[in-house]
2 protein chains.
Amino acid sequence: MLTKLGEYKFYVESYVCDFKGKATLPVLGNFLLKAATIHAHQRGFGYEAISKDGVAWVLSRLSIEIYEYPNHDEELLVETWIEDVTRYFTQRCFRLVSLAGETLAYARTIWAAIGVETRRPIDIMAWRPDIADYIADGIACPVGKPSKIPEAGGEPIIGYTVRYSDIDINKHMNSIKYIEHVINVFDLDFFKDNTIRKFEVVYLAEGGFGDKLKLFQSNVSETDCIIDTKKGNESVCRSRITFA
Amino acid sequence: MLTKLGEYKFYVESYVCDFKGKATLPVLGNFLLKAATIHAHQRGFGYEAISKDGVAWVLSRLSIEIYEYPNHDEELLVETWIEDVTRYFTQRCFRLVSLAGETLAYARTIWAAIGVETRRPIDIMAWRPDIADYIADGIACPVGKPSKIPEAGGEPIIGYTVRYSDIDINKHMNSIKYIEHVINVFDLDFFKDNTIRKFEVVYLAEGGFGDKLKLFQSNVSETDCIIDTKKGNESVCRSRITFA
């Protein structure tokens with residue numbers, strides 16, 4: 001049996017960096033998803049293996065706390081492990097580490113397994129009880145379990161139409177592209193003085209090509225806000241952002 | 001002296017693929033820019049080296065002919081070489097090759113060297129005549145020298161505001177992000193039956209944060225069209241696309 005912890009190296013290409021020369025939140029998000037994909041694949045429950053059962057993993061929630069954004073042309077390691085498996089969800093955690101051993105970020109994700117045809121959740125414990133064998137008991141993730149993110153209303157601050165570049169290999173709105181649009185709400189000047197320290201997102205519905213989405217903002221405190229991405233009156237995904 | 005031809009390996013991450021499971025045009029564009037960056041760096045005229053002279057490379061034109069888009073989780077090689085250096089421009093060419101040796105694409109780019117402060121072109125032959133030593137005479141690039149791309153007018157088909165995710169490490173609109181917005185003009189259904197076989201872009205002005213850009217389309221033939229990205233009445237970049 002492979003070790004419970006997987007560790008994967010990534011390189012921060014300068015062309016994916018922002019004006020500060022740092023990896024952006026969406027770039028880190030892609031690293032997490034990639035690390036999760038390889039970790040699951042190597043252990044026999046990746047996309048390819050489970051698609052034979054007509055099942056797919058769906059990202060339900062993502063929370064990340066970032067202490068230090070990696071610089072352009074820097075390498076980093078992403079460690080990932082499974083913290084828990086329940087009937088309908090797996091909790092997968094991550095630590096991002098510089099090559100010097102400094103912790104850059106921690107993250108927690110929650111995944112559901114759904115029937116590709118039915119789009120309904122699968123009972124993971126009944127379907128693949130062996131996944132629980134990979135639960136890594138001894139490793140702590142300081143990112144708390146996600147709490148409810150309330151709705152935001154009022155007038156939309158920006159809107160966008162889901163286009164070709166938003167659609168992923170599974171023909172759905174790319175979960176990281178949602179995040180890209182969410183942080184596009186903020187001005188460049190704002191990012192000069194502020195950094196996203198914590199970001200939580202919950203995916204509530206599936207966006208598709210041509211959907212006209214609107215973003216609503218509600219400020220919780222001077223450093224915290226909620227961005228709600230809606231299709232009509234329905235929230236497609238909600239994010240809570242803490243700035244430092 | 002290093003060889004005139006540089007060859008670099010890239011991996012097509014599944015999370016950068018489109019709904020067909022293929023690398024997108026912007027992904028290939030990023031590979032080209034990355035290969036160019038390393039090739040120039042290794043030969044002493046990369047961004048870092050020339051910034052000591054207060055000079056920066058600016059992409060003026062890019063033409064690419066794609067015979068086969070690489071698949072997700074596939075590796076490919078990007079070969080690049082300098083075809084010509086004149087007073088104000090260098091011509092850099094590329095061949096994209098599968099690991100099996102099949103040519104996937106050819107590309108041609110034209111670069112100017114500008115003063116970082118003045119934003120004015122530098123006489124390359126006077127400033128760095130040694131770059132011409134790297135001209136690779138024996139290698140042919142079938143992509144023709146770019147011709148003028150006419151303006152497109154009428155009513156704009158889509159518009160967008162330049163946001164955080166569009167701005168690159170140099171604080172300008174990312175040249176590949178322009179391309180992403182250009183191909184977002186087309187429907188997903190259109191891409192089911194059509195593939196971009198040739199794409200040309202000329203960059204005419206610099207876009208900045210907050211700019212409200214509008215895209216105009218003019219159809220040249222059943223397979224050819226022009227997309228003009230404008231800020232007010234001024235063309236910021238123009239593209240010619242040939243579909244197959």
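# Questions on the interface of chain B and chain A

User: How many residue pairs are in polar contact between chain B and chain A?

Analyst: The model is predicted, and a pair enters this count when both residues have pLDDT 80 or more. On that basis, the number of residue pairs in polar contact between chain B and chain A is 12.

User: Which helices of chain B each supply at least two residues of the side that touches chain A?

Analyst: Look along chain B for the stretches that contribute to the side touching chain A. Those that each supply at least two residues are helix 1 (25–42), helix 4 (175–183) and helix 5 (188–193).

User: How do the residues of that side of chain B divide into nonpolar, polar and charged?

Analyst: The side of chain B that touches chain A holds residues of each of these kinds. The division is 14 nonpolar, 8 polar and 10 charged.

User: How many residues of chain A are in contact with chain B?

Analyst: Start on the chain B side, where 32 residues make contact. Of the interface residues of chain B, 100% are also interface residues in chain A, so the copies meet through the same surface. On chain A, the number in contact with chain B is 32 residues.

User: Which three residues supply more of the area that chain B buries against chain A than any other three?

Analyst: Chain B and chain A bury about 3000 Å² between them. Carbon and sulfur atoms account for 60% of that area. Of the area that chain B buries against chain A, 27% is supplied by Tyr15(B), Tyr164(B) and Ile169(B).

User: What axis relates chain B to chain A, and which residue of chain B has the C-alpha nearest to it?

Analyst: A turn of 180 degrees, with a shift of 0.0 Å along the axis, lays chain B on chain A with an RMSD of 0.0 Å. That is the relation of a two-fold axis. At 4.3 Å from the axis, the nearest C-alpha in chain B is that of Tyr160(B).

User: How many salt bridges cross the interface, and which residue of chain A meets Glu180(B) in one?

Analyst: The rule finds 4 salt bridges across the interface of chain B and chain A. In one of them, the N to O distance is 2.8 Å, and the side chain of Glu180(B) meets that of Lys177(A).

User: Is helix 4 of chain A enclosed or open, and which residue caps its N-terminal end?

Analyst: In helix 4 (residues 175–183) of chain A, 9 of the 9 residues are buried, so the helix is largely enclosed by the rest of the structure. Among them are Lys177(A) and Glu180(A). At the N-terminal end, a side-chain oxygen lies 2.8 Å from the backbone nitrogen of Ile176(A); the capping residue is Asn174(A).

User: Why does the salt bridge of Glu13(A) and Lys34(B) join two chains, and what is the relative accessible area of Lys34(B)?

Analyst: The side chains of Glu13(A) and Lys34(B) meet at 2.5 Å, N to O. Glu13(A) lies in the loop between strand 1 (6–11) and helix 1 (25–42) of chain A, and Lys34(B) in helix 1 of chain B, so the pair joins two chains. Glu13(A) is buried, with a relative accessible area of 18%. Lys34(B) is also buried, and its relative accessible area is 13%.

User: How many residues apart in sequence are the parts that Arg240(A) and Glu200(A) tie together?

Analyst: Arg240(A) forms a salt bridge with Glu200(A), with the closest N and O atoms 3.0 Å apart. Arg240(A) lies in strand 10 (residues 234–243) and Glu200(A) in strand 7 (residues 196–203) of chain A, so the tied parts lie apart in sequence by 40 residues.

User: Which residues do salt bridges that share partners join into one network?

Analyst: A separate pair comes first: Asp123(B) and Arg87(B) meet in a salt bridge at 2.9 Å, N to O. The network is elsewhere, and its members are Lys177(A), Glu180(A), Lys177(B) and Glu180(B).

User: Is Lys171(B) buried or exposed, and what is its phi near?

Analyst: Lys171(B) sits in the loop between strand 6 (158–161) and helix 4 of chain B. At 52% relative accessibility, Lys171(B) counts as exposed. Its phi is positive, in a residue other than glycine, and is near 70 degrees.

User: Which side chain makes a polar contact with the side chain of Lys22(B)?

Analyst: Lys22(B) lies in the loop between strand 1 (6–11) and helix 1 of chain B. A polar atom of its side chain lies 3.4 Å from the backbone oxygen of Tyr69(B). The side-chain partner, at 3.2 Å, is Asn71(B).

Note on methods. Residues are numbered from 1 along each chain as its sequence is written. Chains are lettered from A and ligands numbered from 1 in the order in which they are written. Side-chain values use heavy atoms; hydrogens and water are left out. Contact means heavy atoms within 4.5 Å. Buried area is the accessible area (1.4 Å probe) that two parts lose on being put together, summed over both. A polar contact is a pair of N or O atoms within 3.5 Å; within protein, one must be able to donate a hydrogen and the other to accept it, and residues adjacent in sequence count only if both atoms are side-chain atoms. Helices (H or I, at least four residues) and strands (E, at least two) are DSSP runs, numbered from the N terminus. Ala, Val, Leu, Ile, Met, Phe, Trp, Tyr, Cys and Pro count as nonpolar, Asp, Glu, Lys and Arg as charged, and the others, Gly among them, as polar. Copies are superposed by least squares on the C-alpha atoms of residues with pLDDT of at least 70 in both. Buried means under 20% relative accessible area, exposed over 50%, partly exposed in between (1.4 Å probe, protein chains only).
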